[in-house]
Structure formats: structure tokens, C-alpha cells
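Trainee: Could you take me through one part of this model in some detail? I'd like to look at the place where the two chains meet.

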Amino acid sequence: MNHIAAKPAPVETEALTLMLGDRVLLDRASLRVERGQVLAVTGGAGSGKTALLGALAGRPPAGVDVAGGVRIDGHLLIAQGGRLAPRRPLALQVAEVVGHHLGLDLRGALRRMADGLDRMGVPPAARRFDLPPEQLPDSLRWACLFAMAAAVGPAVLLVDAPAAGLDPTVRLRLLHRLADWARADGVALILAGRPEDGVAGPADHVLALRRGRLLPPIPLRAGPLEPLEPPGTARLHARGVGMSYPLAPGPRGEARSLAVLHGIDLDLRTGETLVLLGETGSAKATLARSLLCLPPPTAGTVVWMGRDLMAAATPPAAGEEPNHGGLRRARRDLQPLFPDPAASFDPAMTVGTQLALVLENLRPDIAADRRDHRIDEALEEAGLRPEAALRWPAALTAAEAAHAGLARAILSEPRVLVADEPAAGLSAEERERFLDTLMAVRDRRRLSLILATERYGEGLRDAHRGIVMLAGRVVESADAGTLRTAPLHPYSRAMLAASLGGRPALEGDAPSAFGQPAGCPLRRRCPLAREFCAQAVPELEEVASGHHVACHYWDTPAEE
Amino acid sequence: MAEFDQPPLSQPEPQPTGFARGLSGAAVLAALALAAAAAPLMADGSALHRLDADPVAAALLDGRGSLSFALLAAVLGGALGIGWALLAGLAGTLVGKGAERRIVIAAQRMAGWPLALLVPLAGGLLGQVWLLALVTALTAAPAVAALAHAELSVLMRAEFLTAARAAALPEREVLRRHLIPNLMRPLLAAGTLALPRVLAAESFASLLGLGLPPTLGSWGASVGLAARLGDPVAFAPPALLLALALWAACAIADGVAAGVRKP
């Protein structure tokens, strides 16, 4: 017997097969993860990622049959969403797990947790873990779960959909911290998630679960489908667009309001694609809706082809004739795509009826007997079969609903599409397919497109110009090539790093809309922040032709 | 043309469980109503005297009073509650959000009060059946109003209304084509909540002898009388029928609400 035999890898599978009924989720996969290695398994919805992790942990989900051999050392599984009881204090729940694994009492477990939280970079001031999970932000919940793993110190850590639903910059920061810990402590780490969840970023190896096989991932399209044509003249002008929502009156009865959008100027040229980039709370969606006057913004003007949209959209004063013609004309030219396409269809009508209603209303010039033909054409152009018109919205999948939403938007032959995260609910392949369809439609019809998204790389890929937004302000605007390669604002740089899977140089979470810091809204997270940042909100300044940045210290290196 | 392969791993949503219960509740209530309507036929065609009839026939005769009163009061209560919610919605559009909030908070607070105690009070003081029905309806209305308003405010925020406005549909048409068709079922579901409430309130009042007049007959009154006389044979049928009717009314309300809820 060889006494210095290499230790076996902590995770090894031998022809692991997973079946759900008669469907093969995973076909004879052999997998080996060494100590200190980080493996990411990506796959679309329902591809079997959760079943794979469950099988590795020895607890496959109900209905999944496992065949083949699995050998795994002492492991810890963090399930999808963390599986926390919503109303019990988080510290107790986590300390129980730590105590159970290590045989510690509550006090000892909490002390181990504090070490774990240090390693996950949670500052002591942010540790409000005596609150129940439902009162904590998602990022803190995930940091606490990762800290729990670090406190337990298993040989293998399996994490299902880690930090899904967080903003990209926050998610990547946490995932990199977790990967650093795994590499330093020699833990085999397996991250499973959808491709768009960024689990591939910090991993050493990435495998995509596709049609029952674990294969190398297909790289996403990096450039536009076809070379972009140069845009024409500006038709849509927004000046000083601002939005504020009324709040309950203050203690002395004074009116209060919450401003979420601060004086945005924007021009959109014909055939131009403009992408609005920003994470939660950046008010990109509010800006998109304000441009459509759905509802009209509370400040500024939106002018489409020389016509003031806000005047047309506001209800006329008593006694005046409403200006239906002007508004209808503008609505016909400017069409929205909604973030939740399934909810944007009336559940009490078939898709076709709703499309017919749109056509009847926006294009009264089309004869009633030609409408069905138009609807079929639009559905086919949007990538659906014409029979989709007969279906009820509840019977559509998320992807079909997105395509049906696109069909509705192009039905009136608009000139501008304003899309607010149009593929937010779709996963990987569906998402690519939808965006390809959208871009094909745009190119064929020479449409202007405004695309609001939090995915930096994906948004800029097909765009002429990008605007990076933060807390209701523009922090950087430049052409897409510049933003893709050399953004100047620290927030843009962090978003770029996150989209490439790197480590964003921002600490902590975005502040809530009610607790914005004075001065620059990024200053508490920013690596360039200095004292002066608290004193003034930076103005947009032109640093090169067509490139604007709002940062006091964009050209200064970070202080040590 | 796009294909959408890769079916999701999760199973399709099962039929909401409340649906089957609601259906059986409706069947039971319909059977009870039919039996109560057919009860006089059990007396060989002659006029039936409640006290010397056999207990089951007497209980079925009582059901005529209880069920018809409950139906009347539930329709009134449901209509009042829905009207209350619509009034709040209207106030929100015309006056301001503050007015809407005050009207709804009033309904929510009152739904927590023991309003059912008003029914025996009204039975003792007023004496007229239609006044009693009105008071009973009022006791059920706040709960209906709170639920109906919740449904209304969810619908008012629905994305498809924004989509309709993006298609330049005038507000009048949005109301006619989208709002009203989608509002019917949730409002009906909120309205059916009144049925078990008024049935229980009336039976409670009649049990105390302060409910429906003796000529109409009521399960609650018969149960109370049998309990006072210590007669188990006369006690069981009305008590069982009342329990059955209450279960059926609750099951219907649940079933309609489950049918409205989106998966």
C-alpha cells in the first residue's frame, strides 16, 4: 500500500445520471473538483442545476432519479434563495447551523460568525442581524449566508443561484469574496446559476448544463449582428426631465415629495440606439416612462418632432376639447416594451383581440378587414406563429409574451421603441433570441431604440451611445465603443468590471432613495471619494468630444 | 420562427384547491335551498304546523326563513361593501389619495369590530324584517369593502392599463374594455364573503330570540328553543343543517376567491 497516495478530490462523480420521469437532466457526467477550486455550473431555467447540486449533496429533489457514483467530502449546501425563515432573527438561524456543524453553543457560533463576516467584508456597522431576514436587504442576507459557510468551513460548498437578483456590482463583489475564501481555505466551491447571474466571473472553470451534458459555455455575441448605420438627425428632445413623487405631508403640514429623476437632458436621433445603463434605483425605468409620458414627468419638457408631448398627454382643463389627435400621433410613433410582458397583456382578452384594439386605435387608416393580416405579419416579424393571436395571455410562456409584446409595439409602425428591461424575466438563450429579434426588427425598420438595462456589456453591444445613470442623474455619457473599452466614471468602471466577471471596485450597497448621502450619491462606495465629494453633486463636464463625466476626481488616481 | 423548447422543470400549476370545495359548497347550498323549498310537500298538502311536524321537516321549513333572509342580507351587504370600495376608488381619483385612504381605513377598522352584536340589538329594537336585513347587511359590508378595495387597487396598478394608455386608448375606453371586465370577478368574490357572515349573524341573533320573527322560522331560533326545552331530537336537525349551510357558504366564498387568484 502506498502511504503517500494523493488524497482523492473532495468531489468526484462517476457517470452521474439524473432523470426526471423520462427526461434526462444529466447524462453520464464525470466531474472532479479539487480543493481550492471554484467551479461554476450555468444553465437556463429548468436545465437541472438544482437537481445536480441536490444529487451531489445526497438529497435530490422529489421525482429525480439518480444513477451513477457520487463521492463527496463533508459538504454544506446553500439552497436557492437561502431558505431562511422570514420572521426569525437572521443571526439565530445562521448560528444554529454553525453550532450544529461545529458542536458550538450559541455564543461560540456567533463569534465564529463574526470572523466569517469579516472575511466577507461586511463592516461591523452594517451587521444588523438581530433583525429577521425579511427586514434586511438581500445583499446582507447573502453576505451572512456566505459568512455562515466560512464559519462552518466545509470541505465542499455547494451554492445554488448565489446572490441572484442582486445588482451586478454588488453580486460580483460578494461572489469574488466567497471565491477568495474558498481558494485561501482550500474549499471546493461549486456555484450553480443562470448564465446571466455572473457565477462564471469568479470561477476557475465554467461548465454549461445543456441538453443533459456539461459542456464548455458558448461565448455570447460581443458585437452587433450587423454593422450599425450612422444615425440621422435628432427628433426626440428631452430637456430637464425630472420626476418626483408626493409623500405624506410633514409634521407642520408642509408638502413633501421624493425626487427620483433630476433634470435629464437627452436627444435621440433617427435610427440611433441609446442605452440607459444603471442598477436598482438609478431611475432608468422612470426616465424611459417619462419619455413616453406614461405618466408625464413632473418637470422639464419632452418634444417629439416639434410637438410638446407633455401638453398633449396632460388631461385638458374643463371645457377644453381634448387633443386626441396629437397624442394619438405621438403614441403611434413612440411605443413601449414593458419589463414584465406577460403582465402587460389584459388577462381577460386574447392576444389577437388586444393587438386588434391597438391597431384600431392607433391606425384608424387601416381598414378593418386588413387588420388580421397586419397582426399576423407583426407576430411573424416578432418571431411568433400567427396562431399566437388566438391564445390567452396566461397561456404564453415568458419568452412568448416578450415576443408578443414586441409584436404589439411594432404593430402601429412606430419610429421609436422605448424598451425598459424588455428581457428581464428571460434566461440565457431566450434572452439572446429575443434581443436578436429586437435588433433585427430595429435594423429592418430603421427604428430608434432606447434600451434601459442593468447589463452593461449586453446593452452596449448593439448601441450607438450609452448613458450611465446613478440615483436619477447621468454620471457618464459617451458613444458605446468608449463606454465598452474605457469608461471614466468609477461607477461605469465598476459596471464594466462586473459585466466582464471581474471584481468591481465599489464597496457596500447602493443607498436607498430615502437615505441618499449629501453630495455625490456614490461617495460612500467609491474608491476615489475624498472629503470634497460630500459637499457638491458633481456636474456633467465634457472631457472629450461627445464624452461627458460627472465626477470630481475622475482623472485622479485613488488615494491609498 | 422561434421555437421554445426546454420545458421548465417545475410542474404546471395545479387547479386551485378552493375550486372543488367551492363547487361542492354550491351544490350543498343548492340542495338545501331545494329541500327547504320542497318542505311543505312533506305535509300531505295540508298546512304544516311547525311544532307538531317531525323535526327534520320542521328544520327544513325553518331553512326557508334562514336561507332567504341570508340571501337578501348578503346581496344587500355585498352591494354595500362593493359600493363602499368603489366610492373609495372614486374619491381617490376625484378628491385625492388622502380621502381614499380615510374611507378604506374606516372600513378596515370596522371590519375588526364585533358588529354582529348589532343584529340582536336591531332585532330587539326594530322588529321589522327589512330593517333587520339592512342592519345585518351593514355588519358584513366593511369586510367586503376592505377586500374589494384591495382588489381594486391591485388592478388599478396593473401594467396592462399602462399598455392600453400607450395605445392612446381614452380613459373611458380603458374603463370599458379593460377595467370593468377584469373587476367583475374579484368584486363578486369579495361580495360572496358577505353570505357566511350574515347567515352566522342572523342565526346568532335568532338563537338569543332576538332575530327573525317566529312566523318566518329560523334555524337559530329552533336551536335556541330546543336547547331551552332540553329536547335533543328537536335540537339536532336545525343545528346540523345550520352547520352545513355555514360550511357551504364559506366554501363558496373560498372557491370564488381561489378562482380569482392568479397562479
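Mentor: Let's fix one term before we start: a salt bridge here is a side-chain nitrogen of Lys or Arg within 4 Å of a carboxyl oxygen of Asp or Glu. With that rule, 2 salt bridges turn up across the interface of chain B and chain A. Keep in mind that this is a predicted model.

One salt bridge to pull up on your screen joins the side chains of A:Arg289 and B:Glu159, at 3.1 Å from N to O. On the chain B side, helix 6 (159-166) and helix 7 (171-192) each put at least two residues into the face that touches chain A. Helix 6 of chain B is the top contributor to that face, with 6 residues. Sort the residues of that face of chain B by class and you get 12 nonpolar, 4 polar and 6 charged.

Now for the interface as a whole. The contact involves 22 residues of chain B and 37 residues of chain A. The size of an interface is often given as the accessible area lost when the parts come together. For chain B and chain A that comes to about 2700 Å², with 62% of it on carbon and sulfur atoms. As for polar contacts, 8 residue pairs between chain B and chain A make the count, both partners being at pLDDT 80 or more.

On the chain A side, let's go to the loop between helix 6 (284-292) and strand 13 (299-304) of chain A, where you'll find A:Pro295. The peptide bond leading from A:Leu294 into A:Pro295 is cis, with omega near 0°. A:Cys293 sits in the loop between helix 6 and strand 13 of chain A too. Have a look at its backbone: phi of A:Cys293 is near 60°, a positive value in a residue other than glycine.

To put the salt bridges in context, the rule gives 37 of them over all chains. One of them pairs the side chains of A:Glu12 and A:Arg32, at 2.9 Å from N to O. A:Glu12 belongs to strand 1 (residues 11-20) of chain A and A:Arg32 to strand 2 (residues 23-33) of chain A, so this pair ties together parts that are 20 residues apart in sequence.

For another piece of chain B, try helix 9 (residues 219-229) and helix 10 (residues 232-260), which pack at an angle of about 145° with their axes 8 Å apart. Their crossing is left-handed. Among the residues making the contact are B:Trp219 and B:Val223 of helix 9 of chain B, and B:Phe235 and B:Leu242 of helix 10 of chain B. By class, this contact has 11 nonpolar, 1 polar and no charged residues.

How values were computed. Residues are numbered from 1 along each chain as its sequence is written. Chains are lettered from A and ligands numbered from 1 in the order in which they are written. This is a predicted model: local features need pLDDT of at least 70, side-chain atom pairs count only at pLDDT 80 or more; totals for chains, interfaces and linings use all residues. Side-chain values use heavy atoms; hydrogens and water are left out. Contact means heavy atoms within 4.5 Å. Buried area is the accessible area (1.4 Å probe) that two parts lose on being put together, summed over both. A polar contact is a pair of N or O atoms within 3.5 Å; within protein, one must be able to donate a hydrogen and the other to accept it, and residues adjacent in sequence count only if both atoms are side-chain atoms. Helices (H or I, at least four residues) and strands (E, at least two) are DSSP runs, numbered from the N terminus. Ala, Val, Leu, Ile, Met, Phe, Trp, Tyr, Cys and Pro count as nonpolar, Asp, Glu, Lys and Arg as charged, and the others, Gly among them, as polar. Axes are lines fitted to C-alpha atoms, for helices over the stretch in contact, and angles run from 0 to 180 degrees between N-to-C directions. A crossing is left-handed if the near helix is turned anticlockwise from the far one by less than a right angle, and right-handed if clockwise.
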